[in-house]
Amino acid sequence: MGFHVFQNLRVFALIVNVYGLPVQSVNTKSLLEEAAKFYAGILLEEDIMEKIELDIQIDFDMDCAGHCVTDDCEDYPKCFTIFLNPEFTTESVFDTLAHEMVHLKQFAINELYNVLAMEADELTLGHIWKGE
């Protein structure tokens, strides 16, 4: 029986999938899954958490450490992708994951949502947080 860094007594119904890691990175994949569930257990109410599906995509070509997007257009979205670039920052990828999980929570409870805007004849995606 192995020791798990991220232990929490709550039962997790959160579905987490990790993509973009080499096959030999099974341990890192498991740690990212456990960390996401741990952070969700702290940030989300159980009734919200059990409806969430999260994909974590490792992307070494991003120009930032992490980014959280919702994959559906509902007021209270349930499908998310968190993109992580472990090489972009000196912080731990787990610190970045924790930060992006806060954004997931904000999307999930409708504190943060996407808006489309037309600027200089170009459609852009923006965010509104708590109505501003």
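How exposed or buried is K29? With a relative accessibility of 32%, K29 counts as partly exposed, where buried means under 20% relative accessible area, exposed over 50% and partly exposed in between (1.4 Å probe, protein chains only).

## Basis of the model

This is a predicted model, in which local features need pLDDT of at least 70 and side-chain atom pairs count only at pLDDT 80 or more, while totals for chains, interfaces and linings use all residues. Residues are numbered from 1 along each chain as its sequence is written, and side-chain values use heavy atoms, with hydrogens and water left out.

## Helix α1 and its salt bridge

K29 forms a salt bridge with E33, the closest N and O atoms being 3.1 Å apart; the term denotes a side-chain nitrogen of Lys or Arg within 4 Å of a carboxyl oxygen of Asp or Glu, and the structure holds 1 such bridge. Both residues lie in helix α1 (residues 26–43), 4 residues apart, about one turn of the helix; helices (H or I, at least four residues) and strands (E, at least two) are DSSP runs, numbered from the N terminus.

The end C-alpha atoms of α1 are 26 Å apart, which agrees with the 26 Å that its 18 residues should span at 1.5 Å a residue, the expected span being 1.5 Å times one less than the number of residues. The buried residues of α1 are L32, E34, A35, A36, Y39, A40 and G41, and what covers them includes β1 (15–19), α2 (46–49), β2 (53–58), β4 (79–84) and α3 (93–108), with contact meaning heavy atoms within 4.5 Å.

## Aromatic pairs

The structure holds 2 aromatic pairs, counted where rings of Phe, Tyr and Trp (its six-membered ring) have centres within 6.5 Å, with planes under 30 degrees apart taken as stacked, over 60 as edge-to-face and the rest as tilted. The rings of F38 and Y39 have centres 5.9 Å apart and planes at 65°, so this pair is edge-to-face; F38 is partly exposed at 22%, whereas Y39, at 14%, is buried.

F80 and F107 form a tilted pair, 6.3 Å centre to centre with 40° between the planes, and both residues are buried. Because F80 lies in strand β4 and F107 in helix α3, the pair ties together parts that are 27 residues apart in sequence.

## Surroundings of T70

T70, in strand β3 (residues 66–70), is buried with a relative accessible area of 15%. The side chain of T70 reaches the backbone oxygen of D72 at 3.3 Å and the backbone oxygen of C79 at 3.3 Å, while C79 is itself partly exposed at 31%.

Definitions and conventions. Polar contact = N/O pair within 3.5 Å; in protein donor to acceptor, adjacent residues only side chain to side chain.
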